[in-house]
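Colleague: Could you take one part of this protein and walk me slowly through it, then through whatever surrounds it? I would enjoy a connected account more than a list.

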Amino acid sequence: MSILNQSSVTGLEFEHRIVDFHDVFTVPREFLESLLGVRGRDRPRLLSPYREHLSQAFARYFMRVGLPVPIDEAW
């Protein structure tokens with residue numbers, strides 16, 4: 001989970017946002033580009049280093065290793 005700060009950019013205002021990595025949704029890039037073309041307006045983007053911080057938080061969430069079966073063999 002990560003928190004995004006509020007935006008005060010004219011036309012792109014929003015309050016603080018919470019990003020939950022539990023449910024991840026993907027869409028094809030072509031669909032996303034066509035949707036952005038239809039909307040015809042800017043979208044909010046994170047600046048560096050906030051973009052890298054969110055990316056690192058996402059990676060930390062998914063790199064956790066969980067074994068489905070306990071290891072019984074002694075090494």
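Where is the place of P49?

Modeller: Happy to take that one. Please keep in mind that we are looking at a predicted model. P49 sits in the loop between α1 and α2. The peptide bond that joins S48 to P49 is cis, with omega at about 10°.

To put that loop in context, let me step back to the whole chain. The protein has two helices and two strands, and reading from the N terminus the order is β-β-α-α. The loop that holds P49 therefore links α1 (residues 29-39) with α2 (residues 50-62). Of the 75 residues in the protein, 11% are buried. The exposed surface comes to about 7,300 Å², and 58% of that is supplied by carbon and sulfur atoms. As for how the chain comes together, take the contacts between residues at least 6 apart in sequence: 45% of these join residues at least 24 apart.

Let us follow the chain into α2, beginning with its charged residues. R51 and E52 form a salt bridge, with the closest N and O atoms 4.0 Å apart. The distance cut-off for a salt bridge is 4 Å. What about the accessibility of the partners? E52 is partly exposed, because its relative accessible area is 39%, and R51 also counts as partly exposed, at 44%.

By this rule the count comes to two salt bridges, and the other pair takes us to α1. R29 bridges to E33, where the closest N and O atoms are 2.9 Å apart. These partners are four residues apart in helix α1, so about one helical turn separates R29 from E33. R29 is exposed because its relative accessible area reaches 61%, whereas E33, at 46%, is partly exposed.

Further along α2 we come to A57, and here the picture changes from charge to burial. A57 has 10% relative accessibility and therefore counts as buried, since the limit for that class is under 20%. Setting aside neighbours within four places in sequence, A57 is in contact with S2 and F21. A57 also comes within reach of the start of the chain: its C-alpha atom is 7.4 Å from that of M1, although these positions lie 56 residues apart in the count along the chain.

The contact with S2 is worth following. S2 belongs to strand β1 and is buried, because its relative accessible area is 8%. Beyond four places in sequence, S2 touches A57, and also R17, I18, V19, F21, H53 and L54. Strand β2 covers residues 17-19, so R17, I18 and V19 tie S2 to β2, while H53, L54 and A57 tie S2 to α2.

L54 also brings us to the largest pocket, which has a volume of about 1,200 Å³. It is lined by 27 residues, and the closest to its centre are L4, P44, R45, L46 and L54. The elements that give two or more residues to this lining are β1 and α2, and α2 gives the most, with five residues. By residue type, the lining of the largest pocket divides into 14 nonpolar, eight polar and five charged.

P44, from that central group, leads to one last region. The C-alpha atoms of P44 and E13 are 8.9 Å apart, with 31 residues separating the two along the chain. E13 is found in the loop between β1 and β2, where it touches S7 and S8 when residues up to four places away are not counted. S7 lies in this loop too, and its own contacts, with the same neighbours left out, are L12, E13 and F14. Is S7 buried or exposed? S7 is buried, because its relative accessibility is 16%.

So, starting from P49 in the loop between α1 and α2, we have gone through α2 to A57 and its contact with S2, then by way of the largest pocket and P44 to E13 in the loop between β1 and β2.

Methods. Residues are numbered from 1 along each chain as its sequence is written. This is a predicted model: local features need pLDDT of at least 70, side-chain atom pairs count only at pLDDT 80 or more; totals for chains, interfaces and linings use all residues. Side-chain values use heavy atoms; hydrogens and water are left out. Buried means under 20% relative accessible area, exposed over 50%, partly exposed in between (1.4 Å probe, protein chains only). Contact means heavy atoms within 4.5 Å. A salt bridge is a side-chain nitrogen of Lys or Arg within 4 Å of a carboxyl oxygen of Asp or Glu. Accessible areas come from the Shrake-Rupley method with a 1.4 Å probe; for residues, only the protein chains shown count as cover. On a 1 Å grid over the protein atoms alone, a cavity is a set of points where a 1.4 Å probe fits but cannot get out, and a pocket is an open set with protein on both sides within 12 Å along at least five of seven lines; lining residues have an atom within 4 Å of a point. Grid points are joined across faces, edges and corners, and a volume is the space filled by probe spheres set on the points. Ala, Val, Leu, Ile, Met, Phe, Trp, Tyr, Cys and Pro count as nonpolar, Asp, Glu, Lys and Arg as charged, and the others, Gly among them, as polar.
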